[in-house]
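Q: Hi! Could you walk me through this fold in plain words?

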Amino acid sequence: MKICVSAMDGSLDAKVSERFGRAPYLIIVESGDMNFLPLVNAAESMQGGAGPEAVRQAAANGAQVVLTGELGPNARTALDAAGIKGVTGVSGDKTVRQAVEDYLKR
């Protein structure tokens with residue numbers, strides 16, 4: 001399963017970004033082997049529409065789940081339309097690795 005985590009930089013040890021659409025990076029993690037693909041979030045500096053654009057990037061890279069602190073209403077709508085599960089409430093104190101591991105333990 002591919003899991004997208006909003007992150008402050010491009011590694012598994014990066015802290016989770018609590019703002020999905022404005023996160024500096026989106027990390028696509030393969031849950032089976034923890035291989036990952038860091039994406040610079042092109043939506044970070046957009047005037048509007050950052051959430052849906054970040055969802056588009058996640059979907060284009062095969063994400064099935066998004067882990068983040070919070071999702072705006074437009075991002076939530078875009079996730080629903082793309083068939084991607086959005087999980088909020090992930091603390092910015094966690095690393096990307098910890099967020100994925102915690103999600104997989106559920």
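What follows is a short chat about the sheet, the helices and a few single residues.

A: Happy to! This is a predicted model, where local features need pLDDT of at least 70, side-chain atom pairs count only at pLDDT 80 or more, and totals for chains, interfaces and linings use all residues. Residues are numbered from 1 along each chain as its sequence is written, and side-chain values use heavy atoms, with hydrogens and water left out.

Q: Cool. What order do the strands of the sheet come in?

A: The order is β3-β2-β1-β4-β5, an open sheet of 5 strands with mixed pairing. Strands here are DSSP runs of E with at least two residues, helices are runs of H or I with at least four, and both are numbered from the N terminus. Two strands pair if DSSP finds at least two bridges between them.

Q: Which ones are the edge strands?

A: β3 and β5 (85–87), each of which pairs on one side only. From one strand to the next, the twist averages 20°.

Q: How many bridges join β1 to β2, and are they parallel or antiparallel?

A: There are 6 bridges, and the two strands run antiparallel. As an example, Ile3 has Val29 in β2 as its bridge partner.

Q: And what about β1 and β4?

A: That pair runs parallel, joined by 3 bridges. Val5 has its bridge partner in β4, namely Leu67.

Q: Is β1 mostly covered or uncovered?

A: Mostly covered, with 5 of its 6 residues buried. Buried means under 20% relative accessible area, exposed means over 50%, and partly exposed is in between (1.4 Å probe, protein chains only).

Q: Let's move along to β2 and β3. How do they pair?

A: In the antiparallel sense, over 5 bridges. Ile28 has Leu37 in β3 as its bridge partner. The two strands form a hairpin with 5 residues between them.

Q: What stands out about Met34?

A: Met34 has a positive phi of about 65° although it is not a glycine. Most residues other than glycine have a negative phi. Met34 sits in the loop between β2 and β3, and it counts as buried because its relative accessible area is 17%.

Q: Where is Pro38, and what does it touch?

A: Pro38 is in strand β3 (residues 36–40). Leaving aside neighbours within four places in sequence, it is in contact with Gly10, Leu26 and Ile27. Contact means heavy atoms within 4.5 Å. With a relative accessible area of 35%, Pro38 is partly exposed. Its C-alpha is 6.4 Å from that of Ile28, and the two are 10 residues apart in sequence.

Q: Switching topic: which strands does α1 lie across?

A: α1 lies across β1, β2 and β3, and runs at about 30° to β2. Axes are lines fitted to C-alpha atoms, for helices over the stretch in contact, and angles run from 0 to 180 degrees between N-to-C directions. Helix α3 (residues 96–105) lies across β1, β2, β4 and β5, at about 140° to β1.

Q: How do α1 and α2 pack?

A: α1 packs with helix α2 (residues 73–82) at an angle of about 30°, with the axes 7 Å apart. That makes the two roughly parallel, a label for angles under 35 degrees, while over 145 is roughly antiparallel, 65 to 115 roughly perpendicular and the rest oblique.

Q: Which residues meet there?

A: From α1, Gly51, Pro52, Val55 and Ala59 meet Asn74, Ala75, Ala78, Leu79 and Ala82 of α2. By class, that contact has 7 nonpolar, 2 polar and no charged residues. Ala, Val, Leu, Ile, Met, Phe, Trp, Tyr, Cys and Pro count as nonpolar, Asp, Glu, Lys and Arg as charged, and the others, Gly among them, as polar.

Q: Is Gln57 buried or exposed?

A: Gln57 counts as buried, because its relative accessibility is 8%. This residue is in helix α1 (residues 50–60). Not counting residues up to four places away in sequence, Gln57 touches Leu26, Leu39, Val40, Asn41, Ala42 and Ala43.

Q: Last one: where is Ala23?

A: Ala23 is in the loop between β1 (2–7) and β2 (25–30). Ala23 is buried, with a relative accessible area of 0%. Beyond residues up to four places away in sequence, it touches Ser6, Ala7, Ser17, Asn41 and Glu44. The C-alpha atoms of Ala23 and Thr68 are separated by 9.3 Å, with their positions 45 residues apart along the chain.
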